[in-house]
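Let's go through how the helices in this model are described, and what the labels rest on.

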Amino acid sequence: MEKTVRQLDYPVILLFSVVTACSLIGVPVFGYFHGFSLLDWVMFGVLYMASGLGITVGYHRLISHRSFDCPAWVKACLLVIGGWALENSALRWCADHIRHHARCDQEQDPYNATKGFWHSHCGWIFQKSPHRDEIYESKLRKDPIIMWQHRYYALIVLSGLGLPFVVGYFNGGWMGGLSCFLLAGVARVFFVLNSTFCINSICHIWGAQPHGTEDSSRDSWWISLVTFGEGYHNYHHTHLRDYRNGPKWYNIDPSKWLIFTLSKFGLAYNLQRHRA
Ligand SMILES: [Zn+2]
Ligand SMILES: [Zn+2]
């Protein structure tokens, strides 16, 4: 059997370790001694929603699955706020994700759940994938907005971390800037990252498979509570292009609600729906 050699990705390991240590140790310690203002918490909530929806609506449903179309400026906005989640540029994220669906549960699946919880949750980002293939990127490269976001990704990340600092600074000087940066910048990135990771780990290990058993994808409605509707992952794997991950009216799917609302203002169109 072919043996796959995987090299460690040291910059990613370092960055992830710093964000995790800062969020689990630094932020609580800072909060204990200095406290966080109401503004810090509001910024945390606003940026959690913005960057989370940027990933689910922008990176996932718009770019990876072409579940709807939208004006160029709306796409650019979604890719900027999605970039704030520090989950790589849309070009890389979506190519990985398209490969996940095309090769689910196989060696080429970037977050192959058959390798266990930790690999599919976050272990996969510590290794450079030998299976990155131009075939999954070539279509994406034809989109000038995706390429623009890829080129300026580092600046977009910095703007997502700098924004809470600037808002906090005007509220409470340097310490106000630092506290807002720690909570709404660093800790917020940690929580959004882990919510996305839960789709690849929990939603491929635990939950029901009412729509298909061809791969390990599962529906976990409670994961939808923190992932803006992405917990209905078995439905999503079965009906890839549907702009809804939770198709029933009572399914908790804020990404679907946002796309539907945008469509009512003419800011999203050609919404794809699977008809049962
Ligand atoms: Zn998907
Ligand atoms: Zn999946």
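Q: What makes the crossing of α2 and α4 right-handed?
A: α2 passes α4 in a right-handed crossing, the label for a near helix turned clockwise from the far one by less than a right angle (anticlockwise would be left-handed). Note that this is a predicted model, where local features need pLDDT of at least 70, side-chain atom pairs count only at pLDDT 80 or more, and totals for chains, interfaces and linings use all residues. Residues are numbered from 1 along each chain as its sequence is written, while chains are lettered from A and ligands numbered from 1 in the order in which they are written.

Q: Why is α2 called oblique to α4?
A: Helix α2 (residues 38-64) and α4 pack at an angle of about 60 degrees, with axes 10 Å apart. That makes α2 oblique to α4, since oblique is what remains after under 35 degrees (roughly parallel), over 145 (roughly antiparallel) and 65 to 115 (roughly perpendicular).

Q: What makes α4 and α6 oblique to each other?
A: Helix α4 (residues 90-102) and helix α6 (residues 134-141) pack at about 130 degrees, axes 9 Å apart, and are therefore oblique. Their crossing is right-handed too.

Q: How do you know that the reach of α1 is close to the expected one?
A: Helix α1 (residues 10-33) has 24 residues and reaches 33 Å from first C-alpha to last, against 34 Å expected; the expected span is 1.5 Å times one less than the number of residues.

Q: Where does α1 bend?
A: At cysteine 22, by about 40 degrees, taken between axes fitted to the seven residues ending there and the seven starting there.

Methods
Axes fitted to C-alpha atoms, helices over the stretch in contact; angles between N-to-C directions. Helix = DSSP H or I, 4+ residues; strand = E, 2+ residues; numbered from the N terminus.
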